[in-house]
Amino acid sequence: MPQFDDAELTAAVIRSFGETPDPRVKFLLEELVKSLHDYVRKTDLTFDEWGYAIDFLTRAGQKCTSTRQEFILLSDVLGVSMLVDAVNHRQRDGATETTVLGPFYVGEHKPTPHGTDISAELPGERMFVQSRVTDLDGKPLAGVRVDVWHADGDGYYDSQRPDYETSGPSSRARFVTDADGKFFFRTILPCSYPIPTDGPAGEMILQTRRHPMRPAHVHFLVNAKGYEPLITHVFMDGDKYLDSDVVFGVKDNLISKVERRTDATMPDGKPAKAPWHLMTYEFHMKPGAGVAPQPLGVKPGEAA
Ligand code: BEZ
Ligand code: FE
């Protein structure tokens, strides 16, 4: 009957994976066990603490639904999501920087005409977003799908509202770039907002005296054939949470100087109510492949 001291136990668990057919699965399990066992040894974890961790993870699982993913939120607030992003995007070669997808991407929409106000039913100062998608040499990319989404003036995404299924998208749309790689739209000026704090991830944030805020931003998912899908945000310069984003997602070159304007027309020549705001940002795509992420509950290949 084998008996193990705490160091031999780690070696025994690793040996138990010896017959795993997939070498990558074997490697990932071995490293996971080494890190977990090191953690227990380093902290001299008590039974109470171990029990708390089990209960915390159980409650995280119980909080998940088809539209709520508490484990991703936990990964976000622990910096794991941004670390996965970092190790997978070490060489940008001048391509636009990436950041977290977040839990409020809902996927497919019909293409929306350029210039549309995607927040038409919402009050607030208007923002005109003008943008272009190019390759790394600055060549415009035409016919590229760009999904856009952001929070409303109260800090909520349309998909967080109970009537979302019937009321349809708001502050969310898909655009397709024109022959010059350009697209443009109107919306409201986004604001900073708290991530959901009514689950274990929020419990951890509040217990550790962190704030739950994300600086104001617009999400973009740019999907061009022959290029890596680009998942990113554009942040508003001057936001007070830029230095302390709860999910560690800010990168300097994703911050846009949004200009306050009082001109009587917007760049497309249509009348504007002053003041309004102008966001200008270009996306540079890296050659490659990859499957664009799917919203919660949808497997790759299932989307419309
Ligand atoms: C978001 O920006 O929508 C988001 C990202 C990570 C966690 C929660 C929200
Ligand atoms: Fe967001």
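Q: Hi! At the start of H1, what does a side-chain oxygen of Asp5 reach to?
A: That oxygen comes to within 2.8 Å of the backbone nitrogen of Glu8. Pairs like this are judged as polar contacts (N or O atoms within 3.5 Å; within protein, one must be able to donate a hydrogen and the other to accept it, and residues adjacent in sequence count only if both atoms are side-chain atoms). Helices (H or I, at least four residues) and strands (E, at least two) are DSSP runs, numbered from the N terminus.

Q: Anything I should know about the model itself?
A: This is a predicted model, where local features need pLDDT of at least 70 and side-chain atom pairs count only at pLDDT 80 or more, while totals for chains, interfaces and linings use all residues. Residues are numbered from 1 along each chain as its sequence is written, chains are lettered from A and ligands numbered from 1 in the order in which they are written, and side-chain values use heavy atoms, leaving out hydrogens and water.

Q: Back to H1, then. Which of its residues are buried?
A: Thr10, Ala12 and Ile14 are buried in helix H1, residues 6-16. Buried means under 20% relative accessible area, exposed means over 50%, and partly exposed is in between (1.4 Å probe, protein chains only). Helix H2 (23-43) is part of what covers them.

Q: And the whole protein, how many helices and strands?
A: There are seven helices and 11 strands. The C-alpha trace spans about 85 × 40 × 35 Å along its principal axes, and 40% of the 304 residues are buried.

Q: What about H4, which residues are buried there?
A: In H4 (residues 70-77) they are Glu70, Leu73, Leu74, Asp76 and Val77. Down the helix axis they fall within an arc of 160 degrees (taken from the directions from the axis to the C-beta atoms), so they line one face of H4.

Q: What covers those buried residues of H4?
A: The cover includes helix H3 (47-63), helix H5 (80-88) and helix H7 (200-207).

Q: How do the ends of H4 look?
A: Gln69 caps the N-terminal end, with a side-chain oxygen 2.9 Å from the backbone nitrogen of Phe71. Just after H4, Gly79 takes a positive phi of about 80 degrees.

Q: Changing topic: is His217 buried or exposed?
A: His217 counts as buried, at 1% relative accessibility, and it sits in strand S7 (residues 217-223). Its side chain makes polar contacts with the side chains of Tyr157 at 3.3 Å and His219 at 3.0 Å.

Q: Which other residues is His217 in contact with?
A: Leaving aside neighbours within four places in sequence, its contacts (heavy atoms within 4.5 Å) include His150, Pro190, Tyr193 and Phe235.

Q: Any odd backbone spots?
A: Most residues other than glycine have a negative phi, and most peptide bonds are trans. Asp93 has a positive phi of about 55 degrees although it is not a glycine, and Asp93 is partly exposed at 49%. Phe248, also not a glycine, has a positive phi of about 60 degrees and lies in the loop between S8 and S9.

Q: And which peptide bond is cis?
A: The one from Ala274 to Pro275, with omega near -10 degrees. Pro275 lies in the loop between strand S10 (259-261) and strand S11 (276-284).

Q: Last one: how far apart are Asn253 and Glu97?
A: They are 156 residues apart in sequence and 7.3 Å apart in space, C-alpha to C-alpha. Asn253 is partly exposed, at 46% relative accessibility.
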